[in-house]
Structure formats: C-alpha cells, structure tokens
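Visitor: I should be grateful for a close look at a single part of this structure, namely its largest pocket and the surroundings of that pocket. Which residues line the pocket?

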Amino acid sequence: MLASAWAALLAPAFSAFGSQVSWLELVAFLLAVWMVVCNMRVHLLAWPLALVSSLLYFALFLDGKLYGEAALQLLFAALALWGWWQWRVGRTREGRALVVRRL
C-alpha cells in the first residue's frame, strides 16, 4: 500500500517545457510558495510550511539520487524547526520574549 501511494506521488502531474512534473514536486512547490507569502506577511505558519516543503523536496531529491541536494533539504528542515522554536519560545538575554518585526 505504501509503495503504491509513493508511486502515485511520483507519477507525472503534467509536463512543462518537455519535462515531467510529479505530484510530489508540485505539492512541495506550492507549499514553498505559500511559505514565502507567509514570510512576507510575517506569519508563524511560514515555519511549518518550510519544514514540510523541505522534507518533500528531500524525498524527491533522494528518489532522483541527488544526495547532496537531499542533504541540503535536511539542513533547511532543521533550520525551519529552529526558527519555529525561536519564534514561539525564544527569549532575549534579559529573558524577554523575542519581538518579530520587519526589516
């Protein structure tokens, strides 16, 4: 059952510029775009979206035997976890809650 679900995710969703785009790649891309929009609006949801899209890209790159790119996605996922944690419970040296602000 898991193998058939994995095969369905890797099945082509459509073709763009002569290359097949899988459902997994499409979902990862859409989550990444949503994450960017959340980042622009300084919204907490950006962190879990970054985590999930990075893990989906990890699976995609691992399936394509692009091991360096897959490892990089694990780094991005770890950074997303750290950023999410800092946003939720991070404190300054004085013990005050971190303030999220625009640059």
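Guide: In this predicted model, the largest pocket has a volume of about 180 Å³. Its lining consists of Cys38, Asn39, Val42, His43, Trp47, Trp82, Gly83, Gln86, Trp87, Leu98, Val99 and Val100. By residue class, eight of these are nonpolar and four are polar, while none is charged. Two helices, H2 (23–40) and H4 (67–89), each contribute at least two residues to the lining. The largest share, four residues, is supplied by H4.

One lining residue, Trp47, merits separate treatment. Trp47 belongs to helix H3, which spans residues 46–63. Its relative accessible area is 24%, so Trp47 is classed as partly exposed, given that the buried class ends at 20% and the exposed class begins over 50%. Beyond its neighbours within four places in sequence, Trp47 is in contact with Leu79, Ala80, Gly83, Trp84 and Trp87. Of these contacts, Gly83 and Trp87 also appear in the pocket lining. By contrast, the C-alpha atom of Trp47 is separated by 30 Å from that of Ser15, a residue 32 positions away along the chain.

The contact between Trp47 and Trp87 leads to the aromatic pairs, of which there are two. In the pair formed by Trp47 and Trp87, the ring centres are 6.5 Å apart and the planes meet at 75 degrees; the arrangement is therefore edge-to-face, since an angle over 60 degrees is required for that class. Because Trp47 lies in helix H3 and Trp87 in helix H4, this pair ties together parts that are 40 residues apart in sequence. Trp87, like its partner, is partly exposed, with a relative accessible area of 27% for Trp87 and 24% for Trp47.

The other aromatic pair, Tyr57 with Phe61, is stacked, with 5.9 Å from centre to centre and 20 degrees between the planes. Both residues lie in helix H3, four residues apart, or about one turn of the helix. Tyr57 has a relative accessibility of 17% and so counts as buried; Phe61, at 18%, is likewise buried.

From the pocket one may pass to the nonpolar interior by way of Cys38, which belongs both to the lining and to the largest nonpolar core. That core has nine residues: Leu31, Met35, Cys38, Ala46, Leu49, Ala50, Leu51, Ala77 and Ala80. Helices H2, H3 and H4 each give two or more residues to this core, and its largest share, four residues, comes from H3. Within the core, Met35 touches Ala46, Leu49 and Ala50, with residues up to four places away in sequence left out of account. A second, separate core comprises seven residues, including Ala59, Leu60, Phe61 and Ala70. Phe61 thus has two roles in this account, as a member of that second core and as the partner of Tyr57 in the stacked pair.

Ser54 is a further residue of helix H3. Its relative accessibility is 7%, and Ser54 is therefore counted as buried. Apart from residues up to four places away in sequence, Ser54 touches Gln73, Phe76 and Ala77; among these, Ala77 is also one of the residues of the largest nonpolar core.

Methods
Residues are numbered from 1 along each chain as its sequence is written. This is a predicted model: local features need pLDDT of at least 70, side-chain atom pairs count only at pLDDT 80 or more; totals for chains, interfaces and linings use all residues. Side-chain values use heavy atoms; hydrogens and water are left out. On a 1 Å grid over the protein atoms alone, a cavity is a set of points where a 1.4 Å probe fits but cannot get out, and a pocket is an open set with protein on both sides within 12 Å along at least five of seven lines; lining residues have an atom within 4 Å of a point. Grid points are joined across faces, edges and corners, and a volume is the space filled by probe spheres set on the points. Ala, Val, Leu, Ile, Met, Phe, Trp, Tyr, Cys and Pro count as nonpolar, Asp, Glu, Lys and Arg as charged, and the others, Gly among them, as polar. Buried means under 20% relative accessible area, exposed over 50%, partly exposed in between (1.4 Å probe, protein chains only). Contact means heavy atoms within 4.5 Å. A nonpolar core is a set of buried Ala, Val, Leu, Ile, Met, Phe, Trp, Tyr and Cys residues joined through side-chain atoms within 4.5 Å. Rings of Phe, Tyr and Trp (its six-membered ring) pair if their centres lie within 6.5 Å; planes under 30 degrees apart count as stacked, over 60 as edge-to-face and the rest as tilted.
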